[in-house]
Amino acid sequence: MARLITYRLRQRLYRSNVTVIMTNQFAPTTGMTFGFGAEHIADAIIHMWIEQPEKKKEIERWLIIKKARLTNHYRKAMRYEIEPGRGLTLIEPSIEELKKWFDEYAGKQESSGGGITVAKK
């Protein structure tokens with residue numbers, strides 16, 4: 001029943017042409033989310049966490065894109081910081097590594113006739 005309710009909510013929001021950003025609390029002890037759990041209607045899920053500061057003796061923030069519908073997204077964890085005046089700043093991988101990944105992905109798509117079209121001069 002819960003899936004039916006959340007699916008109907010998604011359909012109404014989609015028809016209204018609105019963008020919704022939702023957050024969900026994650027229990028590290030069980031690996032489960034708290035509450036209603038509407039991940040099945042999400043177009044994208046970004047999981048964010050910090051390494052245990054007691055062990056590392058510092059705060060390391062990480063994120064990974066767990067789901068991004070209709071995209072071939074970067075699938076490795078990314079370390080980030082939150083900087084005053086700048087917001088979320090990607091620390092690792094480097095922008096060069098991301099560009100390399102994108103170039104490889106775009107090249108595969110072009111040669112296989114996949115979903116990305118690259119115009120050549």
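# Salt bridges and sheet: worked exercises

The side chains of Arg 79 and Glu 92 form a salt bridge, with 3.4 Å from N to O. This pair links distant parts of the chain: Arg 79 sits in strand β5, Glu 92 in strand β6, 13 residues apart. The model is a predicted one. The exercises start from this pair.

**Exercise 1. Decide whether Arg 79 and Glu 92 are buried, partly exposed or exposed.**

Step 1. Take the cut-offs: buried is under 20% relative accessible area, exposed is over 50%, and partly exposed lies in between.
Step 2. Arg 79 has a relative accessible area of 19%, so Arg 79 is buried.
Step 3. Glu 92 has 36%, so Glu 92 is partly exposed.

**Exercise 2. Find which strands the salt bridge of Glu 81 and Arg 61 ties together.**

Step 1. The side chains of Glu 81 and Arg 61 meet at 3.5 Å, N to O.
Step 2. Glu 81 belongs to strand β5 and Arg 61 to strand β4, so the pair ties together parts that are 20 residues apart in sequence.
Step 3. Check exposure. Glu 81 is partly exposed at 23% relative accessibility. Arg 61 is also partly exposed, with a relative accessible area of 23%.

**Exercise 3. Trace the salt bridge of Asp 43 and the network around it.**

Step 1. The side chain of Asp 43 meets that of Arg 10 in a salt bridge of 3.1 Å, N to O.
Step 2. Asp 43 lies in the loop between β2 (32-33) and β3, while Arg 10 lies in helix α1, so the pair ties together parts that are 33 residues apart in sequence.
Step 3. Asp 43 has a relative accessible area of 43%, so Asp 43 counts as partly exposed.
Step 4. Extend the network. Salt bridges that share partners join Arg 10, Asp 43 and Arg 69 into one network.
Step 5. Put this in context: the count comes to 6 salt bridges.

**Exercise 4. Work out the order of the open sheet and name its edge strands.**

Step 1. The open sheet has 4 strands in the order β3-β4-β5-β6, with antiparallel pairing.
Step 2. β3 and β6 (87-92) each have a single partner strand, so they stand at the edges, and one side of each is left without a neighbour in the sheet.
Step 3. From one strand to the next, the twist averages 40°.
Step 4. Count the bridges. Strand β3 (residues 44-50) and strand β4 (residues 61-68) are joined by 7 bridges. Between β4 and strand β5 (residues 78-83) there are 3 bridges.

**Exercise 5. Follow the bridge partners through Leu 63.**

Step 1. Start at Met 48. The bridge partner of Met 48 in β4 is Leu 63.
Step 2. Move on to β5. There the bridge partner of Leu 63 is Met 78.
Step 3. Add another pair: Ile 46 stands opposite Ile 65 in β4.

**Exercise 6. Locate a nonpolar patch on the surface and place Leu 4 in it.**

Step 1. The patch consists of Met 1, Leu 4 and Ile 5, with about 330 Å² of accessible area together.
Step 2. Leu 4 is in helix α1 (residues 2-15).
Step 3. Leu 4 has 38% relative accessibility, so Leu 4 counts as partly exposed.

**Exercise 7. Summarize the chain as a whole.**

Step 1. The chain has 3 helices and 6 strands. From the N terminus on, they run α-β-β-β-α-β-β-β-α.
Step 2. Of its 121 residues, 19% count as buried.
Step 3. The chain exposes about 10000 Å², and carbon and sulfur atoms supply 57% of that area.

Technical notes:
Residues numbered from 1 in each chain as written. Predicted model: local features only at pLDDT ≥ 70, side-chain atom pairs only at ≥ 80, totals over all residues. Heavy atoms only, no water. Pairing = 2+ DSSP bridges. Helix = DSSP H or I, 4+ residues; strand = E, 2+ residues; numbered from the N terminus. Patch = residues over 30% accessible without salt bridge, like charges linked within 9 Å, V, L, I, M, F, W, Y side chains within 5 Å. Areas by Shrake-Rupley, 256 points an atom, 1.4 Å probe, with all protein chains shown as cover. Salt bridge = Lys/Arg side-chain N within 4 Å of Asp/Glu carboxyl O. Buried < 20%, exposed > 50% of the residue type's maximum accessible area, 1.4 Å probe, protein only. Axes fitted to C-alpha atoms, helices over the stretch in contact; angles between N-to-C directions.
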